[in-house]
Amino acid sequence: MLVASLASGSAGNALLVQAGDEALLIDAGISLRSLERLLAYHGVAPAQVRAVLLTHEHDDHALSAVAFARRHRVPLVANELTLAALGEAATTAPVELLPVGECGALGRFSVESFRVAHDAADPVGYRVQTAGVTVALAVDLGSWDATTVAALSAADLIVIEANHDPALLPAAPYPAAVRRRISGPRGHLDNTQCGQLLAQIIANGAYSDVWLAHLSRHANTPQMALAGVGQVLRQAGVQCLPRLQALPARAHPAPGGIPIWQACERWRQPHLFALDE
Ligand SMILES: [Zn+2]
Ligand SMILES: [Zn+2]
């Protein structure tokens with residue numbers, strides 16, 4: 001499995017999950033032109049994209065989802081309320097319903113959604129699995145429960161929101177109502193909350209690589225997110241810190257410009273080098 005972050009944050013989100021010659025997009029919250037350009041640079045033809053999974057209907061996640069699905073005859077996968085919230089436009093694209101909590105097969109991938117706490121119609125996160133490798137994603141959530149922890153546990157790569165630094169948000173250039181929304185239980189996770197959620201996931205016995213996602217442009221920096229989350233994990237007594245990386249807001253069609261995670265096949269097949277153990 002290979003995972004590529006094409007965009008992450010309030011200016012747009014799009015994550016590409018690849019296995020062999022097939023791919024899935026989770027969210028398509030950048031312009032159609034940017035999305036097609038990044039895919040082309042990355043060497044993925046739209047015909048290889050098996051589906052566009054939507055986490056929720058907000059523009060930074062859904063901006064070009066319908067247009068991409070319609071133009072390339074790729075199914076849009078979402079739950080009923082999310083599709084309804086997209087309005088008339090969604091009826092013009094091929095659609096596959098995935099009720100919350102259900103598991104579906106999309107080509108080589110098995111996909112499961114789980115509900116998250118966010119101020120959208122029926123927002124979800126996803127677990128995507130192929131050949132024994134799992135990526136789990138939860139972006140845009142203001143709080144969590146046991147379902148969230150379970151859904152993000154035992155994944156090889158966790159993509160999780162570290163939206164803002166709690167100390168920077170009060171000074172960010174947003175109206176007070178927006179700041180309240182962001183920090184509310186159906187808004188966005190701050191760095192401390194992200195660390196607390198990760199500590200619970202890791203306490204479940206899962207060691208994963210972690211991508212910190214959806215960083216606020218005005219109230220966070222990659223350095224603050226990494227430091228804030230790392231500090232909470234250390235305070236929680238996490239012995240073996242996960243490999244943390246903070247995602248940039250936008251990938252660039254340039255060498256090294258697209259953040260990539262790749263499952264290490266050899267590591268996942270210990271019998272190949274376990275002779276002396
Ligand atoms: Zn968002
Ligand atoms: Zn949102």
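Which exposed residues does the face of helix 1 turned away from its buried side carry? This tour of a predicted model will reach that face shortly, after a view of the whole chain.

**The whole chain**

Begin with every residue displayed. The secondary structure of the chain comprises eight helices and 14 strands. Its radius of gyration is 18 Å, close to the 19 Å that the globule rule gives for 277 residues, so the chain is as compact as a globular protein of that length. Along the principal axes, the C-alpha trace spans about 60 × 50 × 40 Å. Of the 277 residues, 46% are buried. Among contacts between residues at least 6 apart in sequence, 64% join residues at least 24 apart.

**Strands 1, 2 and 3**

Select strand 1 (2–7) and strand 2 (14–19). These two strands run antiparallel and are joined by five bridges. Display the side chains of Val3 and Val17: Val3 stands opposite Val17, which belongs to strand 2. Now follow the backbone through the hairpin that links the pair. Six residues lie between the strands, and Gly9 adopts a positive phi near 140° in this hairpin.

Extend the selection to strand 3 (residues 22–26), which runs antiparallel to strand 2 and is joined to it by five bridges. Here Leu16 faces its counterpart, standing opposite Leu25 in strand 3. The hairpin of strand 2 and strand 3 has two residues between the strands, and Gly20, in the turn, has a positive phi of about 60°.

How many of the six residues of strand 2 are buried? Five of them are, so strand 2 is largely enclosed by the rest of the structure.

**Helix 1**

Next select helix 1 (residues 32–42) and colour Leu35, Leu38 and Leu39, which are buried. Looking down the helix axis, one finds the buried residues within an arc of 100°, so they line one face of helix 1. Turn to the face directed away from this buried side: the exposed residues found there are Arg33 and Ala40, which answers the opening question.

Against which elements do the buried residues of helix 1 pack? Add strand 1, strand 2 and helix 3 (65–72) to the display, for these are the elements in question. At the end of the helix, select Gly43, which follows helix 1 and has a positive phi, near 85°.

**Ser64**

Proceed to Ser64, in the loop between helix 2 (59–62) and helix 3. Is this residue buried or exposed? Ser64 has 23 other C-beta atoms within 10 Å and is therefore buried, the cut-off being 20 or more. Apart from neighbours within four places in sequence, the contacts of Ser64 are Ala28, Ile30, Ser31, Leu32 and Leu35. Leu35 is also one of the buried residues of helix 1. To gauge distance across the model, select Gly187 as well: Ser64 and Gly187 are 123 residues apart in sequence, and their C-alpha atoms are 23 Å apart.

**Val210**

Finish in strand 12 (residues 209–213), where Val210 is found. Val210 counts as buried because it has 24 C-beta neighbours inside 10 Å. Which residues are in contact with Val210, leaving aside its neighbours within four places in sequence? Select Ile158, Ile160, Leu198, Pro242, Arg243 and Leu244 to display these contacts. As a last step, add Leu241, which is 31 residues from Val210 in sequence and 10.0 Å from it in space, C-alpha to C-alpha.

Methods
Residues numbered from 1 in each chain as written. Chains lettered and ligands numbered in written order. Predicted model: local features only at pLDDT ≥ 70, side-chain atom pairs only at ≥ 80, totals over all residues. Buried ≥ 20, exposed ≤ 12 C-beta atoms within 10 Å, placed from the backbone. Helix = DSSP H or I, 4+ residues; strand = E, 2+ residues; numbered from the N terminus. Arc of directions from axis to C-beta. Contact = placed C-beta atoms within 7 Å. Pairing = 2+ DSSP bridges. Rg over C-alpha atoms; globule rule 2.2 N^0.38 Å.
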